[in-house]
Amino acid sequence: MAEIYGQPVARETPAVHKFGGSSLKDVTAISSVIRTIRSHVRTEDVVVVSANGGVTDQLIQVFNDGTHRLPALRESVQQLVTTVLDQPDALLVSLLEDLELLSSGLSQTTLSVHDVLAYGELWSAQLLSARLHELGIPNHWRDARDILTVDAQNNPVNPAKAVQILLDSKGEGIQILTGFLARNEAGQGITLGRNGSDYSATLVASLLRSSAVYLWTDVDGVYTADPHVIPEARRIPTLTLGEAQALSELGSHVLHHKTINPLLQHPARIIINTCDSDTLGTDVVEQSRAGEGQVKTLAHKSQLVQLTLAGIHELRTRQFQAELTAGQINQYACHYDKTRQVLQLCVEQVDFFRTSQLIRQAGLTLVQQLSGVSLISAVGHNIRQNHRVISQLLGRTARFDVLNIHYPGNDHTLCVLLADEQAEALLADLHAACFDLAPSIPIVVLGYGNIGQQFIRILKDNKASIEQRVKQSLSLVAVANSRHYQYAGECLLDEVIVPDQDNTSGEIYQRLSDYINKPLVLIDLTASEAVAARYPEFVANGWHLISANKLVAADDIRASHLEAELEKQHRRWLTNTTVGAALPIQSSLRKLIESGDQVQAVNGVFSGSLSWIFGQYDGQRPFMEWVRQAHANAYTEPDPRDDLSGQDVYRKALILARQLGFNEARVVFTPAIPDELMAGTLEQFWARSAAIDEHVAGLWKAANEQGKSLCYLASISSQEINVSLQLIDQQHPAAGLRPGDNIFVIDSAWYAGNPLVIQGPGAGREVTAAGVLNDLIEVLQSA
Ligand SMILES: NC(=O)C1=CN([C@@H]2O[C@H](COP(=O)(O)OP(=O)(O)OC[C@H]3O[C@@H](n4cnc5c(N)ncnc54)[C@H](OP(=O)(O)O)[C@@H]3O)[C@@H](O)[C@H]2O)C=CC1
Ligand SMILES: N[C@@H](CC=O)C(=O)O
């Protein structure tokens, strides 16, 4: 059992669900809320409600204009109660009593505006509660003023007591709590300001240490921009808490200022969605690296007034801003210039009158006011650290009359201030630059084994951020192994991948005939000669190629023919994972050559599996057990004899030698395990494990006696390609390698005497799939 303020709670803490006024505005909306409660709310959860849509506005009119507004209010609430409930009588009686109290309280001026507005939430909670009872859903409603007491900053006072009351009511069914309401320290009922129900929900969630808060509202999530202004705007599946906080400070309609604050100390997921939605809404999570450094959304706030106050010292600035906050006046793009003692900030036009009063009362000097100002802000996790993104955004603003570029005190936001008339054009321009996706290029993956499955997993998990980076939607149209394939005209990334169509005779190629002479990216994640043999056909079809399969890249004649055809077709072929998995060996060599360096030799450990196997082997546990484990860990080739024979390393050496133009080099090639121990079928090879163990144990013992280790090394130069098992001493650059690591020591004219070294994991699912993804991004960006 966990504890909160000494109260025992189950590990699975209650979730909090908040339903806004528009979700509760009429019988149809309330039916949707009830469906949502049935499907998403557990008995131990808390439901926070706003007033039924329109009721708060009517209560404000009653308070401002007087009791003659009461009949209209009574009529609309009565009508709502009678249409929602099968048996409305009891609630109608209590409603009439409330209206009597309201009328007499207003006449005697004993009611504050808070007391009057509170009726909205009280009626809403009672109505929902009564309807749930009619439907047999156990629940009880509560006036939040009996639970939440807050200080002047709306922070909870005596949270332990609030938690105790909330937890005491467990077991009585769903708790329905009035949002927006609390009590101050003097015991008076108060309201929590604009969008106070969202604040109530996150406050209760933080008190209960909830793991999730659901904000059920009138939109199904946060969008890349306001869809009323930018129709192409798309829902964002995930935001970080930092992004959500940055957005809330910019006047977001969906995530309000204050809403996030309670969760900064006790983070919980926030799920924003609309009832009856067929999407998953937007999920605000504490942390996520997906899309880091990219713009996630563009916020837009118009009809602001920019104010410039002069001769104001720093402390006074803070006091004045606190006064604005206390008066519930939102401030945007605030900037204090210490040397000039100038404060610049924007307020909403509707708040301008009250702000001017506060400025006068404070005796401050307003030197400039500018109306009709818009604030457009790009928000994304750490975008301010991504100089490419920032300069792209700033470049886009060049043809607009920008008043100010503002850099708020977080790394996630960049703001632009400009005249209202230009704002929508800038927003559309920025949205197109950040989010417009070109028509997608279909992607086909051949090989659904270790690397293929991991590659598709990361493609699925990072779809949105990759799409943003390559400026096109991802469309995986087919996946195949040697026996089956799966095809979708649209995209498989939102589906469960289960290749189940017959592919025993290469039926997949027939299926892909519609794409002949159209751009397509074919990714070969097999080790298959049958696939490699089709490369010329793929390129003739006008397709780009990405290969983890080394067979063609290591064969100079085939690779040269293919490159000639690729040039004719203007297509790309990337093979970066064929050597060193995701290590940047081929790209580094290319850059050295392109920039005029002369590479003389590359030496090192080119095999991830042999590095792992010999790195782990200690003469104790049988060698072949390490081989089996390397195979299970996806370090080896599908047939591990390709590694043990040295064939796989030899192919990698040929790939690099070809890149460096060392075509005439003689070859010295010694297998790690003698050929005779690996002859026959794979089964026969495994059956020969004892003999192989004995052979390697002998080698290891001899090495050990000389204080050396066994290491499968490769070296390439214009004279010789050498691939062999060697004894290395502790001074050798490969001696300290972690099992599984590769090392490439590059001698070149520029790195003479002090070689360039590239080192790191050289095999495995994660790194190799990441390397394939890099190749895909490069192809899509250049296609
Ligand atoms: N593992 C690693 O660390 C690295 C691997 N690579 C390369 O990646 C490739 C894949 O390795 P890995 O995923 O570990 O191997 P797996 O054996 O796990 O997967 C190979 C996949 O290819 C499929 N396949 C075989 N023949 C065909 C065919 N004719 N048509 C369609 N699919 C076919 C297999 O299907 P089925 O299951 O039906 O046989 C299987 O799904 C290899 O070329 C390897 O050299 C490159 C860098 C690092
Ligand atoms: N079998 C290979 C995997 C990558 O190519 C290796 O061991 O390095």
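A good place to start is Lys550, where a polar side-chain atom lies 2.8 Å from an oxygen atom of ligand 2. This is a predicted model, in which local features need pLDDT of at least 70 and side-chain atom pairs count only at pLDDT 80 or more, while totals for chains, interfaces and linings use all residues. Residues are numbered from 1 along each chain as its sequence is written, ligands are numbered from 1 in the order in which they are written, and side-chain values use heavy atoms, leaving out hydrogens and water.

Let's stay with ligand 2. The residues around it include Ser607, Tyr635, Glu637 and Asp643; a residue counts as near a molecule if one of its heavy atoms lies within 4 Å of it. Lys652 places a polar side-chain atom 2.6 Å from an oxygen atom of ligand 2, and for Asp648 there is a distance of 3.4 Å between a polar side-chain atom and a nitrogen atom of the ligand. Polar contacts like these are pairs of N or O atoms within 3.5 Å.

Now turn to ligand 1. It has 24 residues around it, of which Ser482, Arg483, Thr526, Glu637 and Gly764 come nearest. Lys550 appears here too, with a polar side-chain atom 2.7 Å from an oxygen atom of ligand 1. The side chain of Ser482 has an N or O atom 2.6 Å from a ligand 1 oxygen, whereas Gly764 uses a polar backbone atom, 2.7 Å from an oxygen of ligand 1.

Next come the helices, which are DSSP runs (H or I, at least four residues) numbered from the N terminus. Helix α14 (residues 450-461) packs against helix α27 (residues 765-782) at about 60 degrees, with axes 8 Å apart. Axes here are lines fitted to C-alpha atoms over the stretch in contact, and angles run from 0 to 180 degrees between N-to-C directions. The pair is therefore oblique, the word for angles outside three ranges: under 35 degrees (roughly parallel), over 145 (roughly antiparallel) and 65 to 115 (roughly perpendicular). Among the residues making the contact are Ile451, Phe455 and Ile458 of α14 and Ala769, Val772 and Leu776 of α27, where contact means heavy atoms within 4.5 Å.

Finally, look at helix α22 (residues 623-632) and helix α26 (residues 689-705), which pack at about 110 degrees with their axes 7 Å apart. That angle makes α22 roughly perpendicular to α26. Here Phe623, Met624 and Arg628 of α22 meet Ser689, Ile692, Asp693 and Val696 of α26.

Notes
Helices (H or I, at least four residues) and strands (E, at least two) are DSSP runs, numbered from the N terminus. A polar contact is a pair of N or O atoms within 3.5 Å; within protein, one must be able to donate a hydrogen and the other to accept it, and residues adjacent in sequence count only if both atoms are side-chain atoms.
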